[in-house]
Amino acid sequence: MSALKHIQSKTTYVAKERIFNTKDSISEIAYELGFQYPQHFSRWFKKQTGITPNEYRTAT
């Protein structure tokens, strides 16, 4: 696994945990993970998982 794939995988895992286990807003989670804009995080998360962060939160 390349370094980039490993970092993306770990970031996706942490994002899923934060979305599922906290009541923090998606924006707060995005900033905590180092994204400058929440929209970039949402777009990135959907690319990684196939669903938006809000869809993930309501589906789990």
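**Briefing: a four-helix chain, starting from Thr22**

Leaving aside residues up to four places away in sequence, Thr22 touches Ile29 and Arg57. The model is a predicted one. Thr22 sits in the loop that joins α1 (3-21) to α2 (26-32), while its partner Arg57 belongs to helix α4 (residues 53-59). The secondary structure of the chain amounts to 4 helices and 0 strands.

**Overall fold**

- Read along the sequence, the elements follow the pattern α-α-α-α. The chain has a radius of gyration of 11 Å, close to the 10 Å that the globule rule gives for 60 residues, so it is as compact as a globular protein of that length.
- The C-alpha trace spans about 30 × 25 × 20 Å along its principal axes.
- Of the contacts between residues at least 6 apart in sequence, 49% join residues at least 24 apart.

**Surface and charge**

- Buried residues account for 25% of the 60 residues in the chain.
- The chain has an accessible surface of about 4,300 Å², and carbon and sulfur atoms contribute 54% of that surface.
- The chain carries 9 positive and 5 negative charges, and the mean positions of the two sets are 9 Å apart.

**Thr22 and the α1-α2 loop**

- The side chain of Thr22 also reaches back to Arg18, coming to 2.5 Å from the backbone oxygen of that residue.
- Ile29, one of the two residues listed as touching Thr22, is also touched by Arg57.

**Arg57 in helix α4**

- Not counting residues up to four places away in sequence, Arg57 touches Arg18, Ile19, Thr22, Lys23, Asp24, Ser25, Ile26 and Ile29.
- Arg57 and Lys23 are 34 residues apart in sequence, and their C-alpha atoms are 9.7 Å apart in space.
- The relative accessible area of Arg57 is 26%, so this residue counts as partly exposed, a class that lies between the buried limit of under 20% and the exposed limit of over 50%.

**Thr58 in helix α4**

- Thr58 lies in helix α4, and its side chain reaches the backbone oxygen of Glu55 at 3.1 Å.
- Thr58 has a relative accessible area of 67%, and therefore it is classed as exposed, the limit for that class being over 50%.
- Thr58 and Thr11 are 47 residues apart along the chain, with 20 Å between their C-alpha atoms.

Methods. Residues numbered from 1 in each chain as written. Predicted model: local features only at pLDDT ≥ 70, side-chain atom pairs only at ≥ 80, totals over all residues. Heavy atoms only, no water. Helix = DSSP H or I, 4+ residues; strand = E, 2+ residues; numbered from the N terminus. Polar contact = N/O pair within 3.5 Å; in protein donor to acceptor, adjacent residues only side chain to side chain. Contact = heavy atoms within 4.5 Å. Rg over C-alpha atoms; globule rule 2.2 N^0.38 Å. Buried < 20%, exposed > 50% of the residue type's maximum accessible area, 1.4 Å probe, protein only. Areas by Shrake-Rupley, 256 points an atom, 1.4 Å probe, with all protein chains shown as cover. Lys, Arg positive; Asp, Glu negative; His and termini not counted. Charge placed at Lys NZ, Arg CZ, Asp CG, Glu CD.
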